[in-house]
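Biologist: Please take a close look at a single part of this model, a place where two helices meet, and then explain in one connected account what lies around it. I would like every term given with its cut-offs.

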Amino acid sequence: MRVGRLVLLGALAGCGEVDIAVDALADARPRDAAAPTDRGAAPPDAAVRPDRDGPLDLGPDTAPDAAVDPGGDLPLITHLGGRASVEASGPDAFRVAAPDLDGAARRAFTIGEALFEVDWVPEPGPFDDRDGLGPLFHATACQSCHPRAGRGAPPTVPEQTPIALLFRLGAAGPDPVYGDQLQTRAIADLSPEVVIRVEATPTAGAFDDGAPFTLIAPRYGFSAWSQRPPEGELVVSPRVASPLIGLGLLEAVPEAQIVAFADPDDLDGDGISGRANRVLDVEAGQAALGRFGWKANQPSLRQQNAAALSGDMGLTSVVFPDEICTAAQVECQLLGLDDEPEVSPRALDGLTAYTRFLAVPVRPDPGDPRVRTGQALFHGFGCAACHRPSMTTGAVADAPALSEQTIWPYTDLLLHDMGPELADGRPDGLADGREWRTPPLWGLGLTAVVSGHTRLLHDGRARSIAEAILWHGGEGAAAREAFRSAPADAREALIGFLESL
Ligand code: HEC
Ligand code: HEC
């Protein structure tokens, strides 16, 4: 058995195995459990309140100034997605379309929704627009990985084949035999590329007040390769499916604004750089700003979705017209022969509309005064330096609901060095092997309700919000230490704020 570099980086010698199913939901607090409204809460401790000058932006309807955002001394924003917010709660809270879509957009959304949920089958199937799965694939439906448009989780026992967790391959370009993503399933009697086993190594740590915690670092085993094992050091990038709300808003943020957040040489000396990724826009044939994926490795929702169809399900489209079989995978090639894209342009448009228009749930007033304290701490601990509370969208001709407004995604869409323990060692566009895109935090508190688990981070290793913070290293280390050394009530207030999003 060969192991990836990640294993070596993440593992601490001599530890046994743990069952990562246990505790997974321990920290999941349903957002409905919040205390009744109390807007008259005392302002938080001045020591943790960020310094600010000048006027502050109070909400989605006022003139946006992305450089200043509210801390704990200001009202909590409820419409994080601006006009693309919806009153929605419960398991289906992420499955709702933005309001005020015109007829064409609404129809495209509905087509996309059906295609997102359907199980694709190998050719020939009963319906032309739902067959073509494989020859190699990872899952049969978008929603097998993004449950209810939410996020996926890694396996909870080593015997379980990863579904929502996929593995990008190769540090220096695609592997000549297996390409750039490992496929754990195949049609007919073709062999899957590999069998993957996910285990975990526990590490003990403690908060400054003595309270203990345990983190689990994933460990991956690869066996039963369909052909020879990849040559050289095996570098894999494990990635779990991310939640899909509000993505059309993020696509509508003008490039110049995101680039302006970047500080690649850390000129302001705050220890946080932030770089924009540049990746290939396949249809335009030129480099573009990367926005989507854990390393901001896709420039648009259209290309992201076409890549998912191709890389995750073996479905060709106009964007990626060739099956993913490499030249070395002859049987795969023979099974995959087909002249026409398996997914029609209309179907791809539908999926793109679906992922553009999924609304952001309105954040109920959490009531609990600690949430406002937590909001101040979020700034005071330095979280907002990367998880930027607000941005402004530009004009979007066909989608007024997405257009020209302040949104509150809590991301800068930039890449940050997150330290050796989270590193995958695999570059992606301009992203290096230690960099990850700051993920949006809107909807975070609904993770358990929508997705049925509370696993976070790119590989799902964190079992709770607290664990996700404790894994922050590199540019995020100072913020992590601020959290780790804070008293228990401050830590709880911060988590309360994050769960209220
Ligand atoms: C095998 C599991 C899997 C399947 C099937 C899958 N996805 Fe994903 N999805 C992922 C992973 C993993 C990521 C993060 C990818 C990355 O970092 O490169 C992702 C990311 C995305 C994103 C970008 C999210 C963001 O915040 O940047 C979109 C949009 C998306 N998927 C849509 C789809 C659609 C549409 C389908 C069906 C055509 C689909 N996915 C099928 C696993 C999956
Ligand atoms: C240097 C930039 C940076 C800072 C500062 C930072 N984060 Fe993050 N955060 C990230 C990145 C990048 C990731 C994704 C890392 C990964 O998946 O490996 C992340 C992931 C997370 C996640 C998991 C999100 C998900 O979808 O899985 C949470 C929760 C989170 N951060 C909260 C915080 C909090 C709270 C603070 C302050 C204590 C903070 N972060 C400070 C960059 C930052």
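**Two crossing helices and their surroundings**

Modeller: Helices α2 and α8 are roughly perpendicular to each other, a term for angles of 65 to 115 degrees, while angles under 35 degrees count as roughly parallel, those over 145 as roughly antiparallel and the rest as oblique. This is a predicted model, in which local features need pLDDT of at least 70 and side-chain atom pairs count only at pLDDT 80 or more, whereas totals for chains, interfaces and linings use all residues. Residues are numbered from 1 along each chain as its sequence is written, and chains are lettered from A and ligands numbered from 1 in the order in which they are written.

The axes of α2 (residues 103-117) and α8 (residues 345-357) cross at roughly 100 degrees and come within 7 Å; such axes are lines fitted to C-alpha atoms, for helices over the stretch in contact, with angles from 0 to 180 degrees between N-to-C directions. Helices here are DSSP runs of H or I with at least four residues and strands are runs of E with at least two, numbered from the N terminus. On the α2 side, the contact is made by Ala105, Ala108, Phe109, Ile111, Gly112, Glu113, Leu115 and Phe116, and α8 brings Ala347, Asp349, Gly350, Leu351, Thr352, Ala353, Tyr354 and Phe357. Two residues are in contact if their C-beta atoms, placed from the backbone, lie within 7 Å. By class, this contact has eleven nonpolar, three polar and two charged residues, where Ala, Val, Leu, Ile, Met, Phe, Trp, Tyr, Cys and Pro count as nonpolar, Asp, Glu, Lys and Arg as charged, and the others, Gly among them, as polar.

From α8 the picture extends to ligand 1, since α8 is one of the elements that give two or more residues to the shell around ligand 1, together with α3 (142-145), β7 (236-240) and α6 (301-313). Of the 28 residues in that shell, Cys142, Cys145, Ala241, Phe292 and Gly293 come nearest, a residue being near a molecule or strand if its C-beta atom, placed from the backbone, lies within 6 Å of it. Helix α6 gives the most, with seven residues, and the shell as a whole has 17 nonpolar, nine polar and two charged residues.

The strand β7, which also belongs to that list, pairs with β3 in the antiparallel sense over five bridges, pairing here requiring at least two DSSP bridges between strands. Within this pair, Val240 of β7 is the bridge partner of Leu165. Strand β3 (residues 165-169) has five of its five residues buried, with Leu165, Phe167 and Leu169 on one side and Leu166 and Arg168 on the other. A residue is buried if 20 or more other C-beta atoms lie within 10 Å of its own, exposed if 12 or fewer, and partly exposed in between, with C-beta atoms placed from the backbone.

A further thread leads to Glu251 in helix α4 (residues 247-251), which counts as buried because 21 C-beta neighbours lie inside 10 Å. Not counting residues up to four places away in sequence, Glu251 touches Arg291, Ser300, Leu301 and Arg356. Glu251 and Arg356 are 105 residues apart in sequence, yet their C-alpha atoms are 8.0 Å apart in space.

As for the chain around this part, buried residues make up 54% of its 501 residues, and the chain has 13 helices and 14 strands.
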